[in-house]
Amino acid sequence: MADNPMLKFVDQDQAYPAKRDADLRAADFREIADRYAAPTAEDQASRCSQCGVPYCSVHCPLHNHIPDWLRLTAEGRLREAYELSNSTSTMPEICGRICPQDRLCEGNCVIEFSGHGAVTIGSVEKFITDTAWAEGWVEPVVVGPSRGQSVGVIGAGPAGLSAAEYLRGHGYDVHVYDRHDRAGGLLTYGIPGFKLEKPVVMRRIDRLAAAGIEFHYGFAVGEDATLDELRQRHDSILIATGVYKARQVEVPGNGASGVVAALDYLTASNRKGFGDAVPAFDDGSLDAAGKNVIVIGGGDTAMDCVRTAIRQGATSVKCLYRRDRANMPGSQREVANAEEEGAEFVWLSAPLGFAGDNDTVSQVRASRMRLGAPDASGRRAPEVDPGAELSLEADLVIKALGFDAEDLPTLWGAPELGVSRWGTVLVDGKTLMTSLDGVFAAGDIVRGASLVVWAIRDGRDVAASMHKWLKAKAKAVKVAA
C-alpha cells in the first residue's frame, strides 16, 4: 500500500510563504508575500490531519471542502484541487488572500489546537487558484439555455458578483448596476493592493463580462433610475450595495480640514494605483506623504489605512484604539504586519477632539481608557480613565470606525422597502426576499459590515433562492397563458 501523503504535521513544520523585508514592502503596494512554489505548497498541504470532523470546513462560511483539496494538493493533483475549491467559491484566490484565516479555518484547525501550528490553508488556496489561472484551467462561465427572464443586480461587490455568476449560469440575462466606474466594490476600492493586487480582481470581472453579464457603471439608483423603474425593467432585483456610510466620532473639530473618512482615503489611494486622476490626492488632502498621521479604529480597515499611510511616505503613523491588543476586532496578523512596517499603536485611547489653527487639524486630544466589566458580547467595555489625557501631533486624521447602511428607502424613492433600525434591509430568513415582491437582498446591506467570504456565501444563497422564485414566476405566466 502506498504511503499516506498526509498527517505530516509531526515531521513538517508550519511555513507560510516568506514575507518580503518590511522596509522593502513598505515602499510599494505589491502583495507582501509571493505564493508558494509547488513543492512547498504540497508539503504544507500534507500536514493536514484529515480529521473526522473538519472544523476548518465547519468554520468556513462557504463550507469549502478544505481537507479534500489539501489532500489533492499534497498528491500533486493541482487541477483537481482547484476544481474542488472552485466548486464552492466564486473567488477562492481572493478569499485565500484576504480572509481572516486566523479567526476562521486556520484558527479552528485541529493541529493548531495540538500545538503544531495550523495548516496554512489560505496560502494553499491562493496557490492552487493562481496556478489554475496561470495554466489556463479557469474556464469561462458555463451559461445555461436562455430563460427569457432578466435580473437586475444593484451593487458590484462580492455578494452581487457571486450572485450574478450563478444566475448567469442558470441562463438568466443579468445586468449589474454600480455607481463606481469599475466593478468589485470594496475589493477594488477599499482593500489596498498590498493585500489584494487589482489584476486579481479585474480578471474575475472580465470573466463575468465575457459570459454576457452586462455592467452599467456610474449608475446611481435614485438618480439614474428609481428602484421601481428597475423593477419594471427586470423580472427580479437583487440589492447588494454593501454598507458605505462612515461611522462618525462625535468630538469637537470633527469637520476640520485634514480629518477624513477611511473609505475616501483608501479609494483615493487605489484610484492612483489604477492611474486615475484624483484631485483630492494630488492636492495633498488624501495623501499622507510627509505627514503625521493618526488612524482611529481597530478593525481591518484601520490596518489598511495605517499601512497605506506608511507606503505613501508618512512621517509618523499612529493608531488609536480604545481597547487593548487582545480585544482588537481586526486580524492579529494585520496588526503584526503594521508593526513590522513601522506603525505605532496607542492602546486604550480614544479621541476627545481635533484641534488646530484656521480650522485645519494639527493635534488630536485623547483620553486614556481602561477596560471595565464585560459588555453584552462578553468583551470588556472600555471606559474613560479619569484625569489621564494625552496630546498627539497630527496633520492627517483618518476615521476608521466602521460602516453603516445608507438610507436606501429615501435615496431610492422606495419608502415601502423594509429596513431595520440600523438601516439594513430586512429579508425573509428563508427566501432572502425583501418586503417587495421579487426584490431580494444579500451581503453587508442585510447583515451589516462583515467579511468578504460571508458576502460570497450570501450571493450563492440568494442566487439559489432567486432561481427558485423566477422558475415559479415563469411557470405561473405559462399557466396563465
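# Strands, helices and annotated spans in a predicted model

Me: This is a predicted model, I gather. How many bridges join strand E10 to strand E11, and in which sense do the two run?

Reply: Yes, the model is predicted. Strand E10 (residues 349–355) and strand E11 (residues 363–374) run antiparallel and are joined by 6 bridges. Within that pairing, Ser349 of chain position 349 stands opposite Arg368 in E11.

Me: What does E11 do with strand E12?

Reply: E11 pairs with strand E12 (residues 380–393) in the antiparallel sense, over 9 bridges. Ala366 stands opposite Leu390 in E12.

Me: How many residues lie between E11 and E12, and which residue in the turn has a positive phi?

Reply: The two strands form a hairpin with 5 residues between them. The residue in the turn is Gly378, with a positive phi of about 95 degrees.

Me: Changing topic to the sheets. What is the strand order in the one that contains E7?

Reply: That open sheet has 5 strands in the order E6-E13-E7-E8-E9, and the pairing is parallel. Its edge strands are E6 (259–261) and E9 (344–346), each of which pairs on one side only. On average, neighbouring strands are turned by 25 degrees against each other, direction ignored.

Me: And how do E7 and E13 pair?

Reply: Strand E7 (residues 292–296) and strand E13 (residues 396–399) run parallel, with 4 bridges between them. Val293 stands opposite Leu396 in E13.

Me: Which strands of this sheet does H13 touch?

Reply: H13 packs on the sheet and touches E6 and E13. The direction of H13 makes about 75 degrees with that of E6.

Me: Staying with H13, at what angle does it cross H15?

Reply: The axes of helix H13 (residues 262–274) and helix H15 (residues 300–311) cross at roughly 45 degrees and come within 10 Å. That angle makes H13 oblique to H15. The crossing of H13 past H15 is left-handed.

Me: Which residues meet there?

Reply: From H13 there are Ala262, Tyr265, Leu266 and Ser269; they meet Thr301, Asp304, Cys305, Thr308 and Ala309 in H15. By character, the residues of this contact divide into 5 nonpolar, 3 polar and 1 charged.

Me: Now the other sheet, the one with E15. What is its order?

Reply: It is an open sheet of 5 strands, ordered E3-E2-E1-E4-E15, with parallel pairing. The edges are strand E3 (214–216) and strand E15 (439–441), each pairing on one side only. From one strand to the next, the twist averages 20 degrees.

Me: Over how many bridges do E4 and E15 pair?

Reply: Strand E4 (residues 236–239) pairs with E15 over 3 bridges, in the parallel sense. Ile239 stands opposite Ala441 in E15.

Me: Which strands do H9 and H19 lie across?

Reply: Helix H9 (residues 158–169) lies across strand E1 (150–154), strand E2 (173–177), E3 and E4, and runs at about 165 degrees to E2. Helix H19 (residues 452–480) lies across E1, E4 and E15, and runs at about 165 degrees to E4.

Me: Back towards the N terminus, then. Where do H2 and H4 lie in the numbering, and how do their axes cross?

Reply: Helix H2 covers residues 38–45 and helix H4 covers residues 66–74; their axes come within 8 Å and cross at roughly 135 degrees. H2 is therefore oblique to H4. H2 passes H4 in a left-handed crossing.

Me: What residues make up that contact?

Reply: Ala41, Glu42 and Ala45 in H2 meet Leu70, Thr73 and Ala74 in H4. The residues of the contact divide into 4 nonpolar, 1 polar and 1 charged.

Me: What does UniProt annotate over residues 26–136?

Reply: The unreviewed UniProt entry gives "domain: Dihydroprymidine dehydrogenase" for residues 26–136. In the model this span is 50% helix and 0% strand, and its end C-alpha atoms lie 32 Å apart.

Me: And which annotation covers residues 151–459?

Reply: For residues 151–459, the unreviewed UniProt entry gives "domain: FAD/NAD(P)-binding". The span is 29% helix and 25% strand, with its end C-alpha atoms 14 Å apart.

Key:
Residues are numbered from 1 along each chain as its sequence is written. This is a predicted model: local features need pLDDT of at least 70, side-chain atom pairs count only at pLDDT 80 or more; totals for chains, interfaces and linings use all residues. Side-chain values use heavy atoms; hydrogens and water are left out. Axes are lines fitted to C-alpha atoms, for helices over the stretch in contact, and angles run from 0 to 180 degrees between N-to-C directions. Angles under 35 degrees count as roughly parallel, over 145 as roughly antiparallel, 65 to 115 as roughly perpendicular and the rest as oblique. A crossing is left-handed if the near helix is turned anticlockwise from the far one by less than a right angle, and right-handed if clockwise. Contact means heavy atoms within 4.5 Å. Ala, Val, Leu, Ile, Met, Phe, Trp, Tyr, Cys and Pro count as nonpolar, Asp, Glu, Lys and Arg as charged, and the others, Gly among them, as polar. UniProt positions are given in the numbering used here, feature names are shortened, and annotations may be inferred rather than shown by experiment. Two strands pair if DSSP finds at least two bridges between them.
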